[in-house]
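Reader: Hi! Could we go through this one together?
Author: Happy to, here it is.

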Amino acid sequence: MTNNDIHPFSFRLIATDGMARRGEIRTPHGTVRTPAFMPVGTQATVKAMYPDQVRELGSDVVLGNTYHLMLRPTAERVARLGGLHKFMNWSHTILTDSGGFQVMSLAQLRKLSERGVTFQSHVDGQKIEMTPERSVEIQQLLGSDIQMQLDECIALPAPREEAERAMHLSLRWAERSRAQFEAMGGPGRGQALYGIVQGGTDPELRLASADALSQMPFEGYSVGGLAVGEPQEVMLKTLEITTPAMPVDKPRYLMGVGTPEDILESVARGIDQFDCVLPTRAGRHGLAYTRYGKVNLKNARHADDPRPLDGKSPCEASNRYSRAYLHHLVKAGEGLAAMLLTWNNLAYYQQLMQGIRDSIEAGTFEEFRASTRADWARGDIPPIG
């Protein structure tokens with residue numbers, strides 16, 4: 001394949017309804033319908049799922065984790081084996097994060113400097129340095145379609161001085177990340193690099209970060225540093241301030257979010273892309289997401305319940321297996337419990353995203369938002385009679 005055969009990264013808006021946006025991202029590995037939820041494949045796998053299942057549920061893109069893959073099996077090994085798409089048998093779009101969040105949250109004995117972060121691997125104790133240049137190099141070795149700048153993500157709440165320091169460091173790292181991305185020929189391969197807006201929950205810092213990043217030629221822009229300890233209302237207020245300052249003609253990605261409610265409310269505030277471990281992690285711990293809210297299959301009340309999780313869902317995990325059986329699998333610690341509940345959860349998330357996309361295109365997003373919230377409020381109550 002020559003560069004002339006590669007479809008360059010692009011984004012187009014199809015419809016808007018209020019601040020909610022319906023669009024399409026095109027990458028060398030296909031089209032991503034937005035708003036999009038990206039299942040997390042931390043270790044080059046969406047846990048408890050086959051790649052074909054993930055695709056059949058409606059996923060156009062999955063996320064891989066730079067920090068974990070650089071430690072094991074290493075980016076160099078993945079590159080020798082043909083790149084991440086081939087390695088994990090996923091021929092569609094892949095986004096990789098920068099590894100920065102995991103360095104800050106998982107690594108031991110971290111030392112932060114202007115150059116980057118030096119840390120001790122949680123896998124084997126090896127001392128490793130992560131710089132903006134190295135983060136991009138790893139993502140290029142993996143061959144992902146959408147890549148992220150290295151940034152510093154701090155826990156909230158944080159003093160303004162700390163948020164401001166981290167925001168300015170992230171901006172300097174953004175410039176270095178972009179320079180490395182271009183030096184390695186990312187744009188020529190149709191790849192994208194996103195900048196990350198930081199600034200804690202301070203409106204002035206968020207606007208300053210968004211403005212500075214907008215002057216840099218990124219293919220997309222992310223909101224980072226949220227859903228890290230602050231209340232939901234604070235996160236949403238920060239989005240209301242931040243997203244209008246981000247470029248209209250580029251995709252907007254809210255990193256690490258979230259619950260179905262977080263997603264619905266963030267779409268209403270102009271966000272196009274989401275990722276979160278929640279649906280897969282919850283599935284491994286006995287929790288199902290449905291159109292009527294969460295169902296905890298550990299609860300004894302499900303032991304004699306012959307109903308499926310959702311008889312109207314097209315997903316077989318949702319409509320073919322009784323709650324009694326799922327409860328039994330969870331209590332027995334069977335691997336099939338994680339497989340079926342993860343399948344159900346990802347199906348529900350993708351059904352929610354399709355409903356969001358359809359309603360924006362039809363100009364009925366507010367009605368969809370209200371009816372979806374009403375179903376959640378109704379809750380998972382047994383039928384009468």
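Reader: Let's start with R12: how exposed is R12?
Author: R12 has 48% relative accessibility, so it counts as partly exposed. Buried would be under 20% relative accessible area and exposed over 50%, with partly exposed in between (1.4 Å probe, protein chains only).

Reader: Anything I should know about the model itself?
Author: This is a predicted model, where local features need pLDDT of at least 70 and side-chain atom pairs count only at pLDDT 80 or more, while totals for chains, interfaces and linings use all residues. Residues are numbered from 1 along each chain as its sequence is written, and side-chain values use heavy atoms, leaving out hydrogens and water.

Reader: Cool. Which side chain meets R12 in a salt bridge?
Author: That's E24, at 3.4 Å from N to O. A salt bridge here is a side-chain nitrogen of Lys or Arg within 4 Å of a carboxyl oxygen of Asp or Glu.

Reader: And what does the pair tie together?
Author: R12 is in strand β1 (residues 10–17) and E24 in strand β2 (residues 20–27), so the bridge ties together parts that are 12 residues apart in sequence. Strands (E, at least two residues) and helices (H or I, at least four) are DSSP runs numbered from the N terminus.

Reader: How many salt bridges are there by this rule?
Author: The count comes to 29. One of them joins R160 and E204, with the closest N and O atoms 3.2 Å apart. R160 lies in helix α7 (residues 160–183) and E204 in helix α8 (residues 203–214), so this pair links parts that are 44 residues apart in sequence.

Reader: Is E204 buried or exposed?
Author: E204 is exposed, at a relative accessible area of 55%, while R160 is partly exposed at 31%.

Reader: Switching topic: in what order do the strands of the sheet come?
Author: The 3 strands form an open antiparallel sheet in the order β1-β2-β3. Two strands pair if DSSP finds at least two bridges between them, and β1 and β2 pair over 7 bridges.

Reader: Which strands stand at the edges?
Author: β1 and β3 (30–34) do, each with a single partner strand, so one side of each has no neighbour in the sheet.

Reader: Last one: which helix lies across the strands?
Author: Helix α14 (residues 335–362) lies across β1, β2 and β3, at about 70° to β1. Axes are lines fitted to C-alpha atoms, for helices over the stretch in contact, with angles from 0 to 180 degrees between N-to-C directions; contact means heavy atoms within 4.5 Å.
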